[in-house]
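Student: Could we go through this structure together? I'd like to see how each label gets earned.

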Amino acid sequence: MDTAADGAGLHRPACYFDGLTNRRHMVELRFGVKLDLIEDSVEVASWPYDDLRVVDGGKRTLRLKCVSSLPLARLEVLDPAAQAEIRARARLLDIEQGGRGHIGRIVAWSLAAIVSIFVVVIYGMPLIAERLTPLIPLSFERRLGDMADSQVRSIFGNRVCTNAEGNAAFSKLVEAVRQTSHMDMPLETKVLASTVPNAFALPGGKIYLLNGLLQKAQSADELAGVIAHEMGHVGHRDHTRMMIQRGGVSFLIGLLFGDVTGSTAVIFVTRSLFEVSYSREAEQSADAFAIQAMHALGRSPAPMGELLFRITGAQAGRTIGILATHPLTEDRRELMRREDRPASGPEILSDVEWQALKDICRPAKARQ
Ligand SMILES: [Zn+2]
């Protein structure tokens, strides 16, 4: 983040209402451990970032309250840079909003959840999950992904590969697949320096590629297929559907009463990622998504099948991510071989870019 220029984010003016009187205080914002509101060099309030919530405001004004402060206290921020600073720090800013048309949607969503709890007994979870998933706001899904994120990263050694040329090549590949498959959800893709040969998606658009899988890949086409498969899961929101299915009634109640921000939810999200694989249907439709994306790029989906087969030969029994045990890798390879077509599009990456991507986890100076 580029905040150095303005001296730790000081001197951003804003309007503050203390919640007791209707006097308007002109304050400056200081972005410290908390958001400090300074009036004439005196700190008049200090709001924890996680307690900040957006309240309805004009188009250009960011209007905030603080859930641990007086209920009527408000902060109005007009300065776009200050708004960006706040948005970067306050993770739960929008949880009471849920995006555009939020109130109606949240009401509808809550009602749907309540009805679901009663209907569950009759129709069972899979159908409910199918119906409910599209109603869950994307902002909520992103929160689930964020919650699981640090746990997942630490499981895989907590090192994100940052080699600049490697990242440029990786972004190029991801972007090629994303554009061709018309994914309009924002994605966050990273390579982790783990030797485990796998790739997986978290709810809300995070896709992780582990270096172990990257090293087994022999071409950009092989890898592009895998990334497209994970995008398929993200686009179909398979993870959210799976969590509803698995968590069932308690998960729905958690959603309704807001326990989902608690630590139980973090454990739940992470566990469901590692203990349960997607359904066979979800895997098949993610494969279909990948095949379609590769065709649209004018590249063959067959290499992806070869890559998966190459890995499971040595690594049978892994059940998460791209290497889910069903459908069988042999069947997947057969399917993708049947979809093999001569290349009609340009190479996704040049040889130089592909090599840079392969080296993404190497520190720059160690590279020859
Ligand atoms: Zn999958």
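Tutor: Sure, we'll take the labels one by one.
This is a predicted model, where local features need pLDDT of at least 70, side-chain atom pairs count only at pLDDT 80 or more, and totals for chains, interfaces and linings use all residues. Numbering runs from 1 along each chain as its sequence is written, and side-chain values use heavy atoms, with hydrogens and water left out.

Student: What makes an atom a donor of the zinc ion?
Tutor: Donors are N, O and S atoms within 2.8 Å of the metal (3.2 Å for Na, K and Ca), and water is not among the atoms, so sites may look incomplete. Here NE2 of His-229, NE2 of His-233 and two OE entries of Glu-283 sit at 2.0 to 2.7 Å.

Student: Why is the site of the zinc ion called irregular?
Tutor: Tetrahedral needs all angles between 85 and 135 degrees; square planar (four donors) or octahedral (six) needs opposite donors over 155 degrees apart and all others between 65 and 115; anything else is irregular. The four donor atoms here give angles of 52 to 139°, and the site is irregular.

Student: Why is the pair Tyr-16 and Trp-47 edge-to-face?
Tutor: Rings of Phe, Tyr and Trp (its six-membered ring) pair if their centres lie within 6.5 Å; planes under 30 degrees apart are stacked, over 60 edge-to-face, the rest tilted. These centres are 5.9 Å apart with planes at 70°, so edge-to-face it is.

Student: What puts Arg-333 over the face of Phe-309?
Tutor: The rule wants NZ of Lys or CZ of Arg within 6 Å of the ring centre and within 35 degrees of the ring normal. Arg-333 lies over that face, at 3.6 Å from the ring centre.
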